[in-house]
Structures are given as structure tokens and as C-alpha cells.
Amino acid sequence: TRTEAELLASVPDGLFIGGRWVRASADRTLDVFDPATGLLLKRVADATPDDGVSALDAAVAASAEWAATAPRVRGELLRSAFDLLQQRRDEVALLITLEMGKPLPEAAGEVAYGGEFLRWFAEEAVRVSGRYGTNPDGTGQMVVSRKPVGPCYLITPWNFPLAMATRKIAPALAAGCTVVVKPAELTPLTTLFLAGLLEEVGLPSGVLNIITTTDAAGVSERIIADPRLRKLSFTGSTRVGRILMKQAADTVLRTSMELGGNAPFVVFDDADLDKAVDGAMLAKFRNAGQACTAANRFLVHSSVAAEFARCLAVRVSELRPGRGTEPGVGIGPLITDGAVDAVDELVQDAVSHGAAIVTGGRRVAGPGSFYEPTVLTGVPAGSRILQHEIFGPVATIVEFDTETEAVRLANDTEYGLVAYVHTEGLARGQRMIAALETGMMGLNVGAVSDAAAPFGGVKQSGLGREGGLEGIHEYLSTKYTLVQTG
Ligand code: ADP
């Protein structure tokens with residue numbers, strides 16, 4: 001439609017370096033496609049490693065002045081960006097839907113969630129503090145202060161094109177750090193649009209730099225090897241996170257890693273089943289299951305498993321797949337055809353080992369990268385689908401008999417990002433909070449993310465926290481001074 005074309009035309013297509021929109025130094029473009037149609041949406045600049053270094057040059061040049069800018073001024077700029085985002089929220093939501101595929105109401109939800117990081121860290125910018133005290137032997141004063149770490153490199157994934165960007169950019173800027181952002185090559189448009197908003201509210205040149213590239217590995221390696229870089233924050237797969245941590249070791253670079261998950265969703269026999277099914281729909285089918293927080297394994301008490309599977313399958317079969325711009329669409333496409341293949345392979349593997357399909361279980365024919373929302377029961381222990389992040393709309397149901405068994409199964413993974421538990425028993429809920437190896441937990445809910453909460457994992461789900469009081473500390477270093485007094 002005309003509005004889509006106009007919106008796409010209004011998105012900047014250059015690299016944003018030192019406050020200017022510039023072309024990539026090599027004559028290459030990065031094509032952005034609509035996963036619901038397979039059609040080209042827009043071509044943007046495709047940065048080379050040299051362009052990446054230019055962006056870092058700009059971030060380094062702006063670093064001292066931004067660090068010395070009054071926290072209130074930094075906060076007010078973020079707050080203005082929040083306000084402007086509210087004015088432009090329909091456009092941003094449509095852009096997210098076009099390049100990433102999620103249904104428009106979900107995209108509007110992402111704009112609300114993603115915007116909150118701008119508001120939250122606008123408020124946190126003026127609350128950074130240290131401490132002060134007398135040393136134990138009484139001869140001096142100990143002063144502990146916080147300083148911005150310096151230039152940061154922020155790598156974001158495609159599944160939440162706005163929220164993953166604001167969740168890193170806002171705390172970094174609030175802390176007084178300048179940044180180079182590399183959005184995922186599959187969904188760079190939302191980040192470019194966001195950069196336009198931050199430019200419009202008057203962010204000083206060089207504080208925020210954006211590079212879009214098809215050469216994520218080459219560009220990132222050059223930037224990470226540069227000793228002027230002081231911080232790397234990455235959200236993406238555990239596989240790539242491991243590569244980046246190895247590269248970061250060479251310069252002892254500080255890292256924050258938001259990596260994969262394999263979330264258990266535990267339903268006890270004393271759960272409110274309606275609530276559990278509501279929670280399951282959110283935890284599993286929001287974003288078509290393409291979230292590191294997506295429920296990956298439904299562990300359900302054997303006495304309620306059949307009923308839970310039946311109710312869930314009814315709700316799931318009502319989800320109409322389609323282009324996210326169409327009204328009534330309940331589930332969008334997966335991000336690429338390759339993603340559909342990967343999900344289908346996991347489903348076929350589970351079925352060949354004895355799992356039963358209650359609903360779904362097939363790719364959807366026609367243009368676009370669609371997979372039917374699926375429920376599998378009787379998934380045998382050890383199946384690949386229980387060990388891998390599915391990243392698709394497939395619920396796997398495994399039965400258990402005792403609480404001890406539920407805890408053992410829930411913790412039986414190298415990941416530890418989030419766990420969901422449904423029980424009406426207070427004591428049981430408390431025991432689960434203590435027993436589950438996880439960075440986050442939802443008790444009788446299907447979504448936990450909030451700008452005011454510390455998001456992050458344990459085990460191989462990552463390092464560090466984003467959001468909450470903790471989020472800004474990822475971008476601050478601690479300085480201690482002893483002042484002799486006696
Ligand atoms: P996903 O599986 O969700 O696509 P990835 O970890 O592959 O997750 O991608 C997340 C982000 O990491 C994207 O911005 C992508 O471009 C980037 N990326 C992928 N491979 C590398 C790499 N070798 N070095 C740096 N960044 C990478």
C-alpha cells in the first residue's frame with residue numbers, strides 16, 4: 001500500500017556515523033525482505049570492516065564530551081526520544097511488522113515495551129551514585145564512584161528489532177557512554193528509524209553510530225580487536241556469544257551476553273489450568289516462538305497433561321497464520337525459510353522418535369516463511385527438540401509425576417534464562433523459586449519482561465543484566481579512591 005511504501009521511503013538507508021548519514025565505502029547493498037511475502041522491502045548500506053572502524057572513530061571522538069555532559073541533559077534527551085517515539089509509534093510498529101513479521105498488535109506491544117527502556121534510563125541517568133566511608137583502621141576516607149566505561153559496541157538480534165536496540169542504547173547513553181550499534185542484517189530498518197528519532201531530538205554527533213552490514217563477523221572482529229573499544233554487549237545465539245567472548249579475551253574487553261534459552265514451563269496438578277493455558281499462549285506463541293524467553297519444554301503433571309494438551313491445542317488451532325499487517329492474523333511468519341526448515345527438522349525428529357502431533361506439524365505452503373502453530377505430546381526424553389532452542393511455534397509436552405522429577409527435568413539443560421511455573425500452592429511456588437537454575441522466573445504468568453526488571457540468565461544463557469537498577473551498571477566502571485586523613 002501507499003502508506004507502507006511511504007514509510008519505507010522515509011527510513012534512512014545510509015550508515016549513521018559521526019552525526020551524518022553516509023554511504024558504505026564499498027559499493028554493496030544489504031537487501032531487507034518481508035518474511036511474510038519474500039519481497040524486497042528496501043536496500044540499505046552494507047558496511048565494510050573499515051566503515052565499522054570509522055564508526056568507532058566517531059564514538060571515540062565523542063566519548064569525553066558525552067561522559068562530561070550533565071546526567072540530567074543525557075536523561076532529558078532520552079526522555080525526548082521516548083516522547084517522540086510515542087508520537088511515531090504506529091509507524092515504528094508497522095516497520096517492525098514489515099521487516100520482522102510479527103502481527104501488528106504484537107509490534108505495538110514491542111513499541112510500548114521498547115520505549116520503556118528510553119523512559120526508564122532517562123530516569124536512571126540521574127541516579128548513578130557511589131559510596132563514601134571511613135576505612136577500617138580510621139586513617140582515611142574511602143570514596144567509591146562510578147564512571148562510564150567508554151565506547152561500546154552493541155550487537156542486536158532480529159527478533160525484537162526495537163526493544164533489543166533500546167535495551168542497550170538507553171542505559172549506555174544514560175551512563176555517559178558513546179556507542180556503535182550493529183543491528184541484525186535481517187531487520188536493520190527499525191534501528192535506522194530509531195537513530196533518526198534520536199538525531200531529531202538533538203543527540204550530539206558521534207554519541208550514537210549505526211552500521212548495517214551483511215558481514216557481521218568481519219566488521220565485528222575488527223571493532224572488537226580495537227583497544228579503544230571498552231565494552232561489548234551482545235544479544236543473540238549462544239554459539240555466536242562464545243565466538244565473541246573468545247575475541248573479547250584478547251583485549252580483556254568487558255562483555256554483556258544475552259544468549260539462548262531453553263525455558264521450562266512447569267504445570268503442576270494444583271495449577272489453574274485456564275491461567276496456565278493463557279500463560280502458555282504468551283510464553284510459546286508470542287513472536288511465533290522466536291524469543292530467547294520462549295517456553296521450549298512444557299513439563300506437565302501426568303494427571304492434567306491430557307486436559308492441558310487438549311485446551312492448548314484448541315487455542316493454538318485458532319491462531320490464523322498470515323502477514324502481520326492483516327487484521328485477525330494470530331501468528332506471523334518465521335524470519336526466513338531456513339528458520340522454517342530448522343523448526344520442521346526438529347518436529348520430524350521428535351515424531352520419528354515417538355512424539356504425537358496434536359495440531360499443526362507442517363510448513364504452510366505459498367509465499368512467505370510460515371510454519372503451522374504446533375502442539376506435540378509424548379515427546380521422549382533426550383529428543384533434540386528438548387535440548388535445542390526451537391525458535392518457532394512448537395509446544396512440546398513432557399509428563400512428570402513428582403515435584404522432584406519436575407525440578408530435575410527443568411534444570412536438565414545448559415541454559416538458564418527463564419522458567420515459568422504454574423501452581424496455586426504458595427509453598428510449592430516458593431520451593432520452585434529456590435530450586436530452579438534460572439536468571440528469571442514467572443510464577444503463574446507467561447511473560448516476565450519489563451524495563452524495570454533485571455533481564456538475564458545464568459549458566460550458558462549469558463552474563464550481565466539489562467533493564468532494572470542493574471542495567472546501567474553494565475556501562476559503568478567502579479573507581480575507588482583512598483584519601484588519607486590520619
Ligand atoms: P540468531 O540465531 O538469532 O540470528 P545470531 O547470534 O546469529 O542469532 O545473530 C545475532 C546478532 O549477531 C546479529 O546481529 C548477527 O548479525 C550477529 N552475528 C552473527 N554472527 C556474528 C559473528 N560471527 N560476529 C559478530 N556478530 C555476529
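This report walks through the annotated domain, the ligand shell, a helix pair and the strand pairings of a predicted model.

## The annotated stretch

Let's begin with the record. UniProt, in an unreviewed entry, puts the feature "domain: Aldehyde dehydrogenase" at residues 21-480. In the model, that stretch of chain comes out as 40% helix and 20% strand. Its end C-alpha atoms sit 40 Å apart.

## Around the ligand

How many residues surround the ligand? The count is 15, and the closest are Ala216, Ser220, Gly236, Ser237 and Val240. Two helices stand out here: helix H8 (216-225) and helix H9 (238-249) each supply at least two residues of the shell.

As for the chemistry of that shell, nine of its residues are nonpolar, four are polar and two are charged.

## H5 against H6

Next up is a helix pair. Helix H5 covers residues 104-124 and helix H6 covers residues 163-175; their axes come within 9 Å and cross at roughly 5 degrees. Angles under 35 degrees count as roughly parallel, and H5 and H6 are therefore roughly parallel to each other.

On the H5 side, the contact is made by Glu110, Tyr113, Gly114, Gly115, Phe117, Leu118, Phe121, Ala122 and Glu124. H6 answers with Ala163, Thr166, Arg167, Ala170, Pro171 and Ala174. Sorted by class, the contact of H5 with H6 has nine nonpolar residues, along with three polar and three charged ones.

## The seven-stranded sheet

Now for the strands. One open sheet has seven of them, in the order E14-E15-E16-E13-E12-E17-E18, and its pairing is mixed. Which strands stand at the edges? They are strand E14 (356-359) and strand E18 (440-443); each has a single partner strand, so one side of each is left without a neighbour in the sheet. On average, neighbouring strands of this sheet are turned by 25 degrees against each other, if you ignore direction.

Inside this sheet, strand E12 (residues 263-267) and strand E17 (residues 418-422) run parallel and are joined by three bridges. If you want a spot to look at, try Phe265, whose bridge partner in E17 is Tyr420.

## The three-stranded sheet

Another open sheet is built from three strands in the order E5-E6-E20, and here the pairing is antiparallel. Strand E5 (131-134) and strand E20 (476-484) are its edge strands, each pairing on one side only. Neighbouring strands of this sheet are turned by 20 degrees against each other on average, again with direction ignored.

Zooming in on one pair, E5 and strand E6 (residues 140-148) run antiparallel, with four bridges joining them. Gly133 has Met142 as its bridge partner in E6.

## The E3-E4 hairpin

Finally, there's a hairpin. Strand E3 (residues 29-33) is joined to strand E4 (residues 40-45) by five bridges, and the two run antiparallel. Leu30 has Val44 as its bridge partner in E4.

What lies between the strands of this hairpin? There are six residues between E3 and E4. In this hairpin, Gly38 takes a positive phi near 80 degrees.

Key
Residues numbered from 1 in each chain as written. Predicted model: local features only at pLDDT ≥ 70, side-chain atom pairs only at ≥ 80, totals over all residues. Axes fitted to C-alpha atoms, helices over the stretch in contact; angles between N-to-C directions. Parallel < 35°, antiparallel > 145°, perpendicular 65-115°, else oblique. Contact = placed C-beta atoms within 7 Å. Nonpolar A, V, L, I, M, F, W, Y, C, P; charged D, E, K, R; others polar. Pairing = 2+ DSSP bridges. UniProt positions renumbered as here; feature names shortened; annotations may be inferred. Near = placed C-beta within 6 Å.
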